[in-house]
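Here are some exercises to work through with the structure open beside you. Try each task before you read its solution.

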Amino acid sequence: MNKTQIIETIRTKSGIEQLNEMQTAMLGCDAKRIILTAPTGSGKTIAFTCRMLRTLQLPDGRVQAVVIAPSRELVMQIESVVRPIATGYKTVALYGGHSMMDERNSLTPLPDIIIATPGRLLDHIQRGQIEFDGLQMLVLDEYDKCLQLGFEGEMKRIVKRLGRIDNLVMTSATEIDAIPDYLPTGQVARFDFGGESEPRTRMQVAEVKSFTRDKLDTLTALLQNLPSGERTIVFVNHRESAERVYQRLRRDKIAATLYHGALDQQQRAMAIDLFSNGTAPVLVATDLAARGLDITDVANVIHYHLPVDEAAWTHRNGRTARMNATGTIWVITSEADNIPEYITFDREYQPKQTEKPMTGTMMATIYLNAGKKEKISKGDVAGYIAASGETAPDEIGKIAVHDHHSVVAVPENKVKATVKALSDKKLKGKRVRVSIVEP
(Lines give C-alpha, C1' and ligand atoms only; values in the text may rest on other atoms or scores of the structure.)
Protein backbone atom coordinates (compact mmCIF):
# COMPACT_ATOMS: atom_id res chain seq x y z
CA MET A 1 0.00 0.00 0.00
CA ASN A 2 1.26 3.43 -0.88
CA LYS A 3 1.11 6.22 1.65
CA THR A 4 -1.71 8.66 1.01
CA GLN A 5 -0.96 12.35 1.00
CA ILE A 6 -3.98 14.00 2.55
CA ILE A 7 -4.36 17.49 1.16
CA GLU A 8 -7.96 18.12 2.20
CA THR A 9 -10.24 16.75 4.90
CA ILE A 10 -13.84 17.80 5.36
CA ARG A 11 -16.30 16.88 8.07
CA THR A 12 -19.73 18.35 7.75
CA LYS A 13 -23.40 17.83 8.47
CA SER A 14 -25.51 15.17 6.82
CA GLY A 15 -28.58 15.62 4.63
CA ILE A 16 -29.01 18.16 1.84
CA GLU A 17 -26.33 20.46 3.23
CA GLN A 18 -23.85 17.61 3.23
CA LEU A 19 -24.76 16.63 -0.34
CA ASN A 20 -24.24 20.20 -1.54
CA GLU A 21 -20.90 20.52 0.21
CA MET A 22 -19.81 17.10 -1.05
CA GLN A 23 -20.49 18.11 -4.64
CA THR A 24 -18.74 21.46 -4.17
CA ALA A 25 -15.70 19.79 -2.65
CA MET A 26 -15.45 17.17 -5.41
CA LEU A 27 -15.85 19.73 -8.18
CA GLY A 28 -13.40 22.19 -6.68
CA CYS A 29 -10.59 19.72 -6.04
CA ASP A 30 -7.54 19.84 -8.33
CA ALA A 31 -6.10 16.49 -7.24
CA LYS A 32 -6.60 13.61 -9.67
CA ARG A 33 -6.79 10.98 -6.94
CA ILE A 34 -9.74 11.25 -4.54
CA ILE A 35 -10.78 9.10 -1.59
CA LEU A 36 -14.37 9.87 -0.55
CA THR A 37 -15.69 8.48 2.72
CA ALA A 38 -19.37 9.00 3.52
CA PRO A 39 -22.22 6.98 5.02
CA THR A 40 -24.78 5.10 2.98
CA GLY A 41 -27.49 7.36 1.58
CA SER A 42 -25.44 10.55 1.78
CA GLY A 43 -25.23 11.23 -1.95
CA LYS A 44 -21.82 9.79 -2.90
CA THR A 45 -23.12 8.70 -6.30
CA ILE A 46 -24.32 12.17 -7.25
CA ALA A 47 -21.04 13.67 -6.01
CA PHE A 48 -18.74 11.43 -8.05
CA THR A 49 -21.05 11.67 -11.08
CA CYS A 50 -20.75 15.46 -11.07
CA ARG A 51 -16.97 15.08 -10.83
CA MET A 52 -17.00 12.55 -13.67
CA LEU A 53 -19.05 14.72 -16.01
CA ARG A 54 -16.70 17.65 -15.48
CA THR A 55 -13.83 15.38 -16.50
CA LEU A 56 -15.28 13.75 -19.63
CA GLN A 57 -14.71 15.00 -23.16
CA LEU A 58 -17.50 15.19 -25.72
CA PRO A 59 -18.78 11.73 -26.74
CA ASP A 60 -16.42 10.24 -29.29
CA GLY A 61 -17.30 6.54 -29.52
CA ARG A 62 -14.78 5.51 -26.86
CA VAL A 63 -15.18 4.44 -23.24
CA GLN A 64 -14.29 7.48 -21.14
CA ALA A 65 -15.41 6.43 -17.65
CA VAL A 66 -15.66 3.13 -15.79
CA VAL A 67 -17.48 2.73 -12.48
CA ILE A 68 -16.92 -0.55 -10.62
CA ALA A 69 -19.28 -1.56 -7.82
CA PRO A 70 -19.43 -4.77 -5.78
CA SER A 71 -23.04 -5.88 -6.43
CA ARG A 72 -25.55 -5.94 -9.23
CA GLU A 73 -28.00 -3.99 -7.07
CA LEU A 74 -25.50 -1.20 -6.57
CA VAL A 75 -24.65 -1.17 -10.29
CA MET A 76 -28.33 -0.74 -11.16
CA GLN A 77 -28.73 1.96 -8.53
CA ILE A 78 -25.72 3.90 -9.84
CA GLU A 79 -26.99 3.60 -13.41
CA SER A 80 -30.39 4.98 -12.36
CA VAL A 81 -28.59 8.05 -10.98
CA VAL A 82 -25.98 8.53 -13.71
CA ARG A 83 -28.13 8.00 -16.81
CA PRO A 84 -30.55 10.94 -16.26
CA ILE A 85 -27.68 13.27 -15.34
CA ALA A 86 -25.27 12.23 -18.11
CA THR A 87 -27.47 13.41 -20.97
CA GLY A 88 -25.77 13.03 -24.33
CA TYR A 89 -23.52 10.22 -23.07
CA LYS A 90 -24.25 6.56 -23.69
CA THR A 91 -24.34 4.74 -20.34
CA VAL A 92 -24.55 0.95 -19.92
CA ALA A 93 -24.69 -1.38 -16.92
CA LEU A 94 -22.96 -4.77 -16.89
CA TYR A 95 -23.62 -7.30 -14.13
CA GLY A 96 -24.16 -10.98 -13.45
CA GLY A 97 -27.66 -12.34 -13.93
CA HIS A 98 -28.19 -9.88 -16.78
CA SER A 99 -28.59 -11.11 -20.37
CA MET A 100 -25.11 -11.43 -21.88
CA MET A 101 -26.58 -10.96 -25.36
CA ASP A 102 -28.27 -7.70 -24.33
CA GLU A 103 -25.01 -6.50 -22.81
CA ARG A 104 -22.95 -7.45 -25.86
CA ASN A 105 -25.38 -5.56 -28.07
CA SER A 106 -25.19 -2.52 -25.77
CA LEU A 107 -21.40 -2.40 -26.31
CA THR A 108 -21.83 -1.67 -30.03
CA PRO A 109 -21.07 1.12 -30.51
CA LEU A 110 -18.95 1.48 -27.40
CA PRO A 111 -20.59 3.45 -24.58
CA ASP A 112 -19.09 6.56 -23.01
CA ILE A 113 -19.74 5.34 -19.44
CA ILE A 114 -19.66 1.76 -18.17
CA ILE A 115 -21.00 0.81 -14.74
CA ALA A 116 -20.20 -2.78 -13.84
CA THR A 117 -19.47 -5.46 -11.29
CA PRO A 118 -15.84 -6.65 -11.38
CA GLY A 119 -16.55 -10.18 -12.59
CA ARG A 120 -18.85 -9.22 -15.45
CA LEU A 121 -16.60 -6.38 -16.63
CA LEU A 122 -13.59 -8.71 -16.67
CA ASP A 123 -15.63 -11.27 -18.63
CA HIS A 124 -16.38 -8.72 -21.38
CA ILE A 125 -12.74 -7.57 -21.42
CA GLN A 126 -11.48 -11.13 -21.83
CA ARG A 127 -13.95 -11.69 -24.68
CA GLY A 128 -12.40 -8.70 -26.45
CA GLN A 129 -15.64 -6.73 -26.45
CA ILE A 130 -14.31 -3.54 -24.82
CA GLU A 131 -11.32 -1.27 -25.46
CA PHE A 132 -10.18 1.57 -23.22
CA ASP A 133 -7.99 3.82 -25.35
CA GLY A 134 -10.00 6.92 -24.38
CA LEU A 135 -10.42 6.35 -20.65
CA GLN A 136 -10.59 9.52 -18.55
CA MET A 137 -11.80 8.29 -15.14
CA LEU A 138 -12.07 5.19 -12.98
CA VAL A 139 -14.44 5.08 -10.01
CA LEU A 140 -14.22 2.27 -7.45
CA ASP A 141 -17.47 2.57 -5.51
CA GLU A 142 -17.87 0.88 -2.10
CA TYR A 143 -14.22 -0.17 -2.31
CA ASP A 144 -14.26 -1.67 1.18
CA LYS A 145 -17.13 -3.96 0.17
CA CYS A 146 -15.24 -4.99 -2.99
CA LEU A 147 -12.36 -6.16 -0.80
CA GLN A 148 -14.70 -7.86 1.66
CA LEU A 149 -16.29 -9.86 -1.16
CA GLY A 150 -12.90 -10.93 -2.54
CA PHE A 151 -12.87 -8.88 -5.75
CA GLU A 152 -9.33 -7.53 -5.42
CA GLY A 153 -7.94 -10.11 -7.87
CA GLU A 154 -10.48 -9.18 -10.55
CA MET A 155 -9.89 -5.47 -9.97
CA LYS A 156 -6.13 -5.90 -10.39
CA ARG A 157 -6.64 -7.67 -13.73
CA ILE A 158 -9.11 -5.03 -14.88
CA VAL A 159 -6.81 -2.13 -13.97
CA LYS A 160 -3.98 -3.79 -15.86
CA ARG A 161 -6.14 -3.82 -19.00
CA LEU A 162 -7.34 -0.23 -18.58
CA GLY A 163 -3.95 1.28 -19.32
CA ARG A 164 -3.39 4.84 -18.21
CA ILE A 165 -5.86 6.17 -15.63
CA ASP A 166 -5.81 9.96 -15.45
CA ASN A 167 -8.48 10.39 -12.78
CA LEU A 168 -9.37 8.06 -9.91
CA VAL A 169 -12.16 8.22 -7.33
CA MET A 170 -12.50 5.66 -4.54
CA THR A 171 -15.58 5.76 -2.33
CA SER A 172 -16.34 3.89 0.85
CA ALA A 173 -18.63 3.98 3.86
CA THR A 174 -15.64 3.12 6.06
CA GLU A 175 -12.16 4.62 6.12
CA ILE A 176 -9.66 3.67 3.40
CA ASP A 177 -6.09 3.88 4.65
CA ALA A 178 -4.38 4.34 1.29
CA ILE A 179 -4.57 3.71 -2.43
CA PRO A 180 -3.39 0.15 -3.18
CA ASP A 181 -0.23 -0.44 -5.18
CA TYR A 182 -1.97 -1.64 -8.34
CA LEU A 183 -3.69 1.74 -8.79
CA PRO A 184 -1.95 4.92 -10.06
CA THR A 185 -0.26 7.04 -7.43
CA GLY A 186 0.03 10.79 -7.10
CA GLN A 187 -1.31 13.61 -5.01
CA VAL A 188 -4.40 12.41 -3.17
CA ALA A 189 -7.32 14.35 -1.69
CA ARG A 190 -9.28 12.69 1.06
CA PHE A 191 -12.82 13.88 1.78
CA ASP A 192 -14.32 12.55 4.99
CA PHE A 193 -18.04 13.12 5.34
CA GLY A 194 -18.34 10.56 8.08
CA GLY A 195 -20.88 12.61 9.97
CA GLU A 196 -19.81 11.66 13.49
CA SER A 197 -23.16 12.53 15.08
CA GLU A 198 -25.40 11.92 12.09
CA PRO A 199 -27.54 10.08 11.15
CA ARG A 200 -27.47 8.48 14.63
CA THR A 201 -29.31 11.48 16.09
CA ARG A 202 -32.16 10.83 13.67
CA MET A 203 -32.48 7.20 14.75
CA GLN A 204 -34.14 5.70 17.81
CA VAL A 205 -32.68 2.34 18.84
CA ALA A 206 -35.14 0.18 20.76
CA GLU A 207 -34.55 -3.18 22.42
CA VAL A 208 -37.36 -5.69 21.99
CA LYS A 209 -36.92 -8.61 24.38
CA SER A 210 -38.01 -12.05 23.29
CA PHE A 211 -38.82 -14.38 26.16
CA THR A 212 -37.91 -17.41 24.07
CA ARG A 213 -34.87 -18.14 21.94
CA ASP A 214 -37.13 -18.48 18.91
CA LYS A 215 -37.97 -14.86 18.14
CA LEU A 216 -40.74 -15.42 15.57
CA ASP A 217 -43.65 -14.68 17.92
CA THR A 218 -41.97 -11.47 19.07
CA LEU A 219 -41.21 -10.40 15.50
CA THR A 220 -44.80 -10.99 14.40
CA ALA A 221 -46.16 -9.05 17.37
CA LEU A 222 -43.76 -6.16 16.69
CA LEU A 223 -44.75 -5.92 13.02
CA GLN A 224 -48.44 -6.01 13.91
CA ASN A 225 -47.88 -3.10 16.33
CA LEU A 226 -46.18 -0.90 13.73
CA PRO A 227 -48.24 1.58 11.69
CA SER A 228 -49.76 -0.17 8.69
CA GLY A 229 -47.83 0.36 5.47
CA GLU A 230 -44.54 1.57 6.97
CA ARG A 231 -41.61 0.21 4.99
CA THR A 232 -39.70 -2.17 7.25
CA ILE A 233 -36.62 -4.31 6.60
CA VAL A 234 -36.12 -7.40 8.77
CA PHE A 235 -32.46 -8.47 8.75
CA VAL A 236 -31.38 -12.06 9.40
CA ASN A 237 -27.94 -13.66 9.16
CA HIS A 238 -28.66 -16.66 6.92
CA ARG A 239 -30.65 -17.47 3.79
CA GLU A 240 -32.35 -20.40 5.52
CA SER A 241 -33.46 -18.08 8.31
CA ALA A 242 -34.80 -15.60 5.78
CA GLU A 243 -36.94 -18.32 4.19
CA ARG A 244 -38.23 -19.48 7.57
CA VAL A 245 -39.09 -15.98 8.78
CA TYR A 246 -40.75 -15.10 5.47
CA GLN A 247 -42.95 -18.20 5.53
CA ARG A 248 -44.06 -17.44 9.08
CA LEU A 249 -44.95 -13.84 8.23
CA ARG A 250 -46.96 -14.92 5.21
CA ARG A 251 -48.78 -17.46 7.38
CA ASP A 252 -49.64 -14.64 9.79
CA LYS A 253 -51.00 -12.57 6.88
CA ILE A 254 -48.23 -9.98 7.09
CA ALA A 255 -47.54 -8.50 3.65
CA ALA A 256 -43.89 -9.47 3.23
CA THR A 257 -41.44 -10.30 0.47
CA LEU A 258 -38.07 -12.06 0.45
CA TYR A 259 -34.55 -11.00 -0.57
CA HIS A 260 -31.33 -13.03 -0.42
CA GLY A 261 -28.45 -14.19 -2.60
CA ALA A 262 -29.90 -17.58 -3.59
CA LEU A 263 -32.72 -15.88 -5.51
CA ASP A 264 -32.12 -15.07 -9.17
CA GLN A 265 -31.86 -11.50 -10.39
CA GLN A 266 -35.46 -11.19 -11.54
CA GLN A 267 -36.76 -12.56 -8.22
CA ARG A 268 -34.65 -10.07 -6.29
CA ALA A 269 -35.69 -7.17 -8.52
CA MET A 270 -39.34 -8.15 -8.09
CA ALA A 271 -38.94 -8.25 -4.30
CA ILE A 272 -37.60 -4.69 -4.30
CA ASP A 273 -40.38 -3.54 -6.62
CA LEU A 274 -43.06 -5.03 -4.34
CA PHE A 275 -41.39 -3.51 -1.30
CA SER A 276 -40.99 -0.08 -2.88
CA ASN A 277 -44.51 0.19 -4.30
CA GLY A 278 -46.32 -0.79 -1.11
CA THR A 279 -47.59 -4.21 -2.16
CA ALA A 280 -45.33 -5.84 0.44
CA PRO A 281 -44.09 -3.22 2.93
CA VAL A 282 -42.00 -5.77 4.87
CA LEU A 283 -38.74 -7.03 3.33
CA VAL A 284 -37.09 -10.06 4.96
CA ALA A 285 -33.44 -9.96 3.92
CA THR A 286 -29.89 -11.05 4.56
CA ASP A 287 -27.08 -8.49 4.70
CA LEU A 288 -27.14 -8.48 0.89
CA ALA A 289 -29.76 -5.74 1.32
CA ALA A 290 -27.57 -3.70 3.68
CA ARG A 291 -25.85 -1.93 0.77
CA GLY A 292 -26.62 -0.97 -2.80
CA LEU A 293 -30.37 -0.52 -2.54
CA ASP A 294 -31.75 2.96 -3.04
CA ILE A 295 -35.14 2.71 -1.34
CA THR A 296 -36.70 5.83 0.09
CA ASP A 297 -38.81 6.15 3.20
CA VAL A 298 -37.74 3.02 5.05
CA ALA A 299 -39.21 3.74 8.47
CA ASN A 300 -37.96 0.70 10.39
CA VAL A 301 -34.96 -1.62 10.45
CA ILE A 302 -35.42 -4.76 12.55
CA HIS A 303 -32.42 -6.84 13.62
CA TYR A 304 -34.00 -10.28 13.99
CA HIS A 305 -30.48 -11.61 14.37
CA LEU A 306 -27.74 -9.46 15.86
CA PRO A 307 -25.32 -8.29 13.15
CA VAL A 308 -22.08 -10.22 12.74
CA ASP A 309 -19.93 -7.12 13.31
CA GLU A 310 -20.04 -3.36 13.71
CA ALA A 311 -19.83 -2.73 9.96
CA ALA A 312 -22.94 -4.85 9.39
CA TRP A 313 -24.70 -2.92 12.17
CA THR A 314 -23.83 0.38 10.52
CA HIS A 315 -24.83 -0.64 7.01
CA ARG A 316 -28.09 -2.27 8.04
CA ASN A 317 -29.10 0.85 9.95
CA GLY A 318 -28.10 2.98 6.97
CA ARG A 319 -31.22 1.76 5.16
CA THR A 320 -33.29 4.18 7.27
CA ALA A 321 -32.92 7.82 8.39
CA ARG A 322 -31.61 8.77 4.94
CA MET A 323 -31.27 12.35 3.73
CA ASN A 324 -32.69 14.07 6.84
CA ALA A 325 -35.45 11.49 7.41
CA THR A 326 -35.93 9.74 10.74
CA GLY A 327 -36.11 6.04 11.47
CA THR A 328 -36.39 3.44 14.20
CA ILE A 329 -33.96 0.60 14.78
CA TRP A 330 -35.53 -2.41 16.52
CA VAL A 331 -33.21 -5.04 18.01
CA ILE A 332 -34.89 -8.27 19.05
CA THR A 333 -32.86 -9.91 21.81
CA SER A 334 -33.12 -13.14 23.75
CA GLU A 335 -31.22 -14.72 26.63
CA ALA A 336 -28.98 -16.42 24.06
CA ASP A 337 -27.65 -13.08 22.73
CA ASN A 338 -24.53 -11.26 23.90
CA ILE A 339 -25.03 -7.58 23.14
CA PRO A 340 -21.82 -6.09 21.65
CA GLU A 341 -20.49 -2.76 22.91
CA TYR A 342 -21.27 -0.93 19.67
CA ILE A 343 -25.02 -1.44 20.23
CA THR A 344 -26.58 1.03 22.66
CA PHE A 345 -30.30 1.35 23.30
CA ASP A 346 -32.39 4.47 23.70
CA ARG A 347 -35.35 2.61 25.13
CA GLU A 348 -37.08 -0.74 25.60
CA TYR A 349 -40.28 -1.75 23.88
CA GLN A 350 -42.62 -4.68 24.45
CA PRO A 351 -45.21 -5.14 21.69
CA LYS A 352 -48.78 -5.94 22.59
CA GLN A 353 -50.30 -9.13 21.27
CA THR A 354 -52.71 -8.34 18.44
CA GLU A 355 -54.24 -10.11 15.48
CA LYS A 356 -54.15 -7.04 13.25
CA PRO A 357 -52.78 -8.04 9.83
CA MET A 358 -50.15 -5.74 8.32
CA THR A 359 -51.64 -5.41 4.86
CA GLY A 360 -49.66 -2.43 3.64
CA THR A 361 -51.13 0.42 1.63
CA MET A 362 -53.77 -1.76 -0.05
CA MET A 363 -51.81 -1.87 -3.30
CA ALA A 364 -51.29 -4.78 -5.68
CA THR A 365 -48.80 -5.23 -8.53
CA ILE A 366 -49.45 -5.92 -12.22
CA TYR A 367 -46.78 -7.58 -14.39
CA LEU A 368 -46.30 -6.81 -18.12
CA ASN A 369 -43.87 -8.87 -20.23
CA ALA A 370 -42.40 -5.85 -22.04
CA GLY A 371 -39.74 -3.38 -20.95
CA LYS A 372 -36.89 -1.12 -22.00
CA LYS A 373 -35.64 -3.44 -24.74
CA GLU A 374 -39.12 -3.36 -26.27
CA LYS A 375 -38.99 0.48 -26.19
CA ILE A 376 -41.49 0.72 -23.33
CA SER A 377 -41.37 3.73 -20.98
CA LYS A 378 -43.08 4.52 -17.69
CA GLY A 379 -45.40 6.86 -19.56
CA ASP A 380 -46.39 4.04 -21.90
CA VAL A 381 -47.23 1.81 -18.94
CA ALA A 382 -49.23 4.53 -17.19
CA GLY A 383 -51.26 5.20 -20.34
CA TYR A 384 -51.87 1.50 -20.87
CA ILE A 385 -53.16 0.99 -17.30
CA ALA A 386 -55.37 4.10 -17.51
CA ALA A 387 -56.79 2.84 -20.82
CA SER A 388 -58.30 -0.09 -18.95
CA GLY A 389 -60.97 2.25 -17.65
CA GLU A 390 -60.77 0.51 -14.26
CA THR A 391 -57.85 2.38 -12.65
CA ALA A 392 -57.80 6.17 -12.88
CA PRO A 393 -54.50 7.92 -13.70
CA ASP A 394 -54.24 9.39 -10.20
CA GLU A 395 -54.67 5.91 -8.68
CA ILE A 396 -51.68 4.41 -10.48
CA GLY A 397 -48.80 3.78 -8.10
CA LYS A 398 -45.08 3.30 -8.66
CA ILE A 399 -43.98 1.99 -12.05
CA ALA A 400 -40.73 0.10 -12.64
CA VAL A 401 -39.53 -0.67 -16.18
CA HIS A 402 -36.83 -3.33 -16.53
CA ASP A 403 -35.14 -4.77 -19.61
CA HIS A 404 -37.88 -7.18 -20.66
CA HIS A 405 -40.70 -6.61 -18.19
CA SER A 406 -42.48 -3.87 -16.28
CA VAL A 407 -44.44 -3.77 -13.03
CA VAL A 408 -46.97 -1.21 -11.83
CA ALA A 409 -48.85 -0.78 -8.56
CA VAL A 410 -52.61 -0.26 -8.59
CA PRO A 411 -55.24 -0.29 -5.82
CA GLU A 412 -55.77 -3.84 -4.58
CA ASN A 413 -59.53 -3.59 -4.93
CA LYS A 414 -59.18 -2.75 -8.64
CA VAL A 415 -56.38 -5.05 -9.74
CA LYS A 416 -58.49 -7.98 -10.97
CA ALA A 417 -60.85 -5.78 -12.98
CA THR A 418 -57.90 -3.86 -14.45
CA VAL A 419 -56.11 -7.03 -15.57
CA LYS A 420 -59.32 -8.41 -17.09
CA ALA A 421 -59.98 -5.15 -18.96
CA LEU A 422 -56.44 -5.16 -20.38
CA SER A 423 -56.68 -8.71 -21.75
CA ASP A 424 -57.76 -7.46 -25.19
CA LYS A 425 -55.76 -4.20 -25.29
CA LYS A 426 -52.37 -3.66 -26.93
CA LEU A 427 -49.37 -1.80 -25.53
CA LYS A 428 -47.78 0.37 -28.25
CA GLY A 429 -49.44 -1.78 -30.88
CA LYS A 430 -48.25 -5.09 -29.41
CA ARG A 431 -50.00 -7.73 -27.35
CA VAL A 432 -48.45 -8.26 -23.94
CA ARG A 433 -49.02 -10.76 -21.18
CA VAL A 434 -50.67 -9.14 -18.16
CA SER A 435 -50.85 -10.84 -14.77
CA ILE A 436 -51.09 -10.17 -11.06
CA VAL A 437 -47.88 -10.59 -9.06
CA GLU A 438 -48.22 -12.61 -5.86
CA PRO A 439 -45.71 -11.52 -3.15
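**Exercise 1. Take stock of the chain: how many helices and strands does the protein chain have, and what share of its residues counts as buried?**

Step 1. Count the elements: the protein chain has 13 helices and 18 strands. Keep in mind that you're looking at a predicted model.

Step 2. Go for burial next. The chain has 439 residues, and 57% of them count as buried, with the cut-off set at under 20% relative accessible area.

Step 3. Now the outside. The accessible surface of the chain is about 19200 Å², and carbon and sulfur atoms account for 48% of that.

Step 4. Finish with contacts. Take those between residues at least 6 apart in sequence: 75% of them join residues at least 24 apart.

**Exercise 2. Work out the strand order of the open sheet that contains E1 to E7, and say which strands stand at its edges.**

Step 1. Read across the sheet: the order of its 7 strands is E3-E4-E2-E5-E6-E1-E7, and the pairing is parallel.

Step 2. Look at the ends. Strand E3 (91-94) and strand E7 (188-192) each have a single partner strand, so one side of each has no neighbour in the sheet.

Step 3. Check the twist: on average, neighbouring strands here are turned by 15° against each other, direction ignored.

Step 4. Zoom in on one pair. Strand E5 (residues 137-140) and strand E6 (residues 167-172) run parallel and are joined by 4 bridges. For valine 139, the bridge partner in E6 is valine 169.

Step 5. Add a helix: H3 (residues 72-85) lies across strand E2 (65-68), E3 and strand E4 (113-116), and runs at about 175° to E3.

**Exercise 3. Do it again for the open sheet that contains E8 to E14: what is the strand order, and which helices lie on it?**

Step 1. This sheet has 7 strands in the order E10-E11-E9-E12-E13-E8-E14, with parallel pairing.

Step 2. At the edges you'll find strand E10 (256-259) and strand E14 (347-348); each has a single partner strand, so one side of each is left without a neighbour in the sheet.

Step 3. Pick out a pair inside it. Strand E9 (residues 231-235) runs parallel to strand E12 (residues 298-303), with 5 bridges between them. Isoleucine 233 has valine 301 as its bridge partner in E12.

Step 4. Place the helices. H9 (residues 239-251) packs on the sheet, touching E10 and strand E11 (282-285), and its direction makes about 170° with that of E10. Helix H11 (residues 310-317) lies across strand E8 (203-209), E9, E12 and strand E13 (327-333), at about 155° to E12.

**Exercise 4. Find the salt bridge partners of glutamate 348 and aspartate 214, and say where each pair sits.**

Step 1. The structure holds 16 salt bridges, so let's stick to a few of them.

Step 2. Glutamate 348 meets lysine 209, 3.6 Å from N to O. Glutamate 348 is in strand E14 and lysine 209 in strand E8, so this pair ties together parts 139 residues apart in sequence. Glutamate 348 is exposed at 55% relative accessibility, while lysine 209 is partly exposed at 36%.

Step 3. Aspartate 214 pairs with arginine 244, with the closest N and O atoms 2.5 Å apart. Aspartate 214 is in the loop between E8 and helix H8 (216-225), and arginine 244 is in helix H9, 30 residues apart.

Step 4. Last stop: Asp217, Arg248, Arg251 and Asp252 are linked in a network of salt bridges.

Key
Residues are numbered from 1 along each chain as its sequence is written. This is a predicted model: local features need pLDDT of at least 70, side-chain atom pairs count only at pLDDT 80 or more; totals for chains, interfaces and linings use all residues. Side-chain values use heavy atoms; hydrogens and water are left out. Two strands pair if DSSP finds at least two bridges between them. Helices (H or I, at least four residues) and strands (E, at least two) are DSSP runs, numbered from the N terminus. Axes are lines fitted to C-alpha atoms, for helices over the stretch in contact, and angles run from 0 to 180 degrees between N-to-C directions. Contact means heavy atoms within 4.5 Å. Buried means under 20% relative accessible area, exposed over 50%, partly exposed in between (1.4 Å probe, protein chains only). Accessible areas come from the Shrake-Rupley method with a 1.4 Å probe; for residues, only the protein chains shown count as cover. A salt bridge is a side-chain nitrogen of Lys or Arg within 4 Å of a carboxyl oxygen of Asp or Glu.
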